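Q: Please take a close look at a single part of this model and describe how it is connected to its surroundings.

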Amino acid sequence: QVQLEESGGGLVQAGGSLRLSCAASGRTFTFYGMGWFRQAPGKEREFVASIISSMDITRYADSVKGRFTISRDRAKNTMYLQMNNVKPEDTAVYYCALKPSVAATFGPWGQGTQVTVSS
């Protein structure tokens, strides 16, 4: 079983930066990719960014493209989300998840980390 733990959330002013981390522990294995999602109050969870493990191919939601950067450190089994020029609408709980194979859905999930952007 693989466990994921997010960290790095907090309160930041609009226009500022924040870096989230997602550390994977437990039974290690090769998986297809990882991703970041977020859920704002009263809204459904939405996709933010993803990375394919073997090729470092990245994909972003239009709302964060050009501002957020996803990356991973294979040696540390850790994924990052660099958030620059944050906006109040980025306020949400951010979750990381694994994508075990190309055909699988995302999961397992971390417990989430709160990001609050003040205007």
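Is Cys22 buried or exposed, by its relative accessibility? Please go on from there to the disulfide and to strand S8.

A: The model is predicted. Cys22 has 0% relative accessibility, which is under the 20% limit, so Cys22 counts as buried. Its sulfur is joined to that of Cys96 in a disulfide, with an S to S distance of 2.0 Å. This pair links distant parts of the chain: Cys22 lies in strand S3 and Cys96 in strand S9 (residues 92-99), 74 residues apart. Cys96 is also at 0% relative accessibility and therefore counts as buried. The torsion about the S-S bond is about 65°, so the disulfide is right-handed. The count of disulfides comes to 1.

Strand S3, which covers residues 18-26, is joined to S8 by 6 bridges, and the two run antiparallel. Within this pairing, Ser21 stands opposite Tyr80 of S8.

Strand S8 also pairs with S7 (residues 68-73), again through 6 bridges and in an antiparallel arrangement. Here Thr69 has Gln82 in S8 as its bridge partner. S7 and S8 form a hairpin with 4 residues between them. In that turn, Asn77 has a positive phi of about 50°.

As for the surroundings of S8 itself, 5 of the 6 residues in this strand (residues 78-83) are buried, so S8 is largely enclosed by the rest of the structure. S8 thus has bridges to S3 and to S7, and S3 holds Cys22, one of the two cysteines of the disulfide.

How values were computed:
Residues are numbered from 1 along each chain as its sequence is written. This is a predicted model: local features need pLDDT of at least 70, side-chain atom pairs count only at pLDDT 80 or more; totals for chains, interfaces and linings use all residues. Side-chain values use heavy atoms; hydrogens and water are left out. Buried means under 20% relative accessible area, exposed over 50%, partly exposed in between (1.4 Å probe, protein chains only). Two strands pair if DSSP finds at least two bridges between them. A disulfide is a pair of cysteine sulfur atoms within 2.5 Å.
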